[in-house]
Amino acid sequence: MKKIALFPGSFDPLTAGHVDLIERGAPLFDELIIGVFVNTSKVNFFTGGEKVELITEALAHVPNVRVVAQETELTVTAAKKMGAQFLLRGIRSVKDYEYERDIMEMNHHLDPTLETVFLLANAKYSYISSSMLKEILHFGGDVKAYLPPNIYQAIVKKRDAHES
């Protein structure tokens, strides 16, 4: 049986930390699906379509990765439809662990056949979050080192268009 994992997230924007987790996680599975999901508690910088396009470009070097948009279903429902038996999740801190453990338990309640695989974040990315980067960007800070080049360029382009 083909081992398929889903890495769900809002990825707004996809960070260098996400890329690191994907590059490390992809070899563990036959296919790794990056699911661009909606987080109802966040304000998005990019649309779902923009994120899929940008993430696909940023991950073109990882052969067994596919990027899909998912805006209307629970993660477990989407995973089942995609044929995924695993969820890939990253943990940066104890706070992340507690949050992710609770989500894992609820996902297991909703679908006991879906297994969650956790990868610890690389220490150099352990303090980075998309929300933090958006906050820094909002106030004109430099986040170039924490983003894939194409995503950084898209942010600059969007910011410049907004300021014009």
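Is Glu100 buried or exposed? Glu100 is buried, since its relative accessible area is 5%; buried means under 20% relative accessible area, exposed over 50% and partly exposed in between, with a 1.4 Å probe and protein chains only.

## Ground rules

This is a predicted model, so local features need pLDDT of at least 70 and side-chain atom pairs count only at pLDDT 80 or more, while totals for chains, interfaces and linings use all residues. Residues are numbered from 1 along each chain as its sequence is written, and side-chain values use heavy atoms, with hydrogens and water left out.

## Helix H4

Back to Glu100, which sits in helix H4. Helices (H or I, at least four residues) and strands (E, at least two) are DSSP runs, numbered from the N terminus. Leaving aside residues up to four places away in sequence, Glu100 touches Arg89, Gly90, Ile91 and Phe118; contact here means heavy atoms within 4.5 Å.

H4 covers residues 94–110, and Asn107 belongs to it too. Asn107 is buried, with a relative accessible area of 11%. With residues up to four places away in sequence again not counted, Asn107 touches Val76 and Leu87.

## Strand E2 and its partners

Now for E2, which is mostly covered: seven of its seven residues are buried. Glu31, Ile33, Gly35 and Phe37 point one way from the strand, Leu32, Ile34 and Val36 point the other way, and all are buried.

E2 has a parallel pairing with strand E1 (residues 4–9), over six bridges; for two strands to pair, DSSP has to find at least two bridges between them. On that side, Pro8 stands opposite Gly35 in E2. E2 and E3 also run parallel, joined by six bridges, and Leu32 has Val65 in E3 as its bridge partner.

## Crossovers

How do the helices fit in, and which units do they make with E2? E1, helix H1 (residues 16–25) and E2 make a right-handed β-α-β unit, and E2, H2 and E3 make a right-handed β-α-β unit as well. A crossover is right-handed if, with the strands pointing away from the viewer, the path from the first strand over the helix to the second runs clockwise.

## Loops worth a look

The loop between E1 and H1 holds Phe11, and Pro13 is placed there as well. Phe11 isn't a glycine, yet it has a positive phi of about 45 degrees. At 3% relative accessibility, Phe11 counts as buried. A little further along, a cis peptide bond joins Asp12 and Pro13, with omega about 0 degrees.

Asn39 is in the loop between strand E2 (31–37) and helix H2 (48–58). At 24% relative accessibility, Asn39 counts as partly exposed. Asn39 and Gly9 are 30 residues apart in sequence, and their C-alpha atoms are 7.9 Å apart in space.

## A nonpolar surface patch

Leu74, Met106 and Leu110 form a nonpolar patch on the surface, with about 300 Å² of accessible area together. Patches are made of residues with over 30% relative accessible area and no salt bridge; like charges are joined within 9 Å and nonpolar side chains (Val, Leu, Ile, Met, Phe, Trp, Tyr) within 5 Å. A salt bridge is a side-chain nitrogen of Lys or Arg within 4 Å of a carboxyl oxygen of Asp or Glu. Accessible areas come from the Shrake-Rupley method with a 1.4 Å probe, and for residues only the protein chains shown count as cover.

Of this patch, Leu74 is placed in the loop between strand E3 (65–70) and helix H3 (75–82). Leu74 is exposed, with a relative accessible area of 53%.
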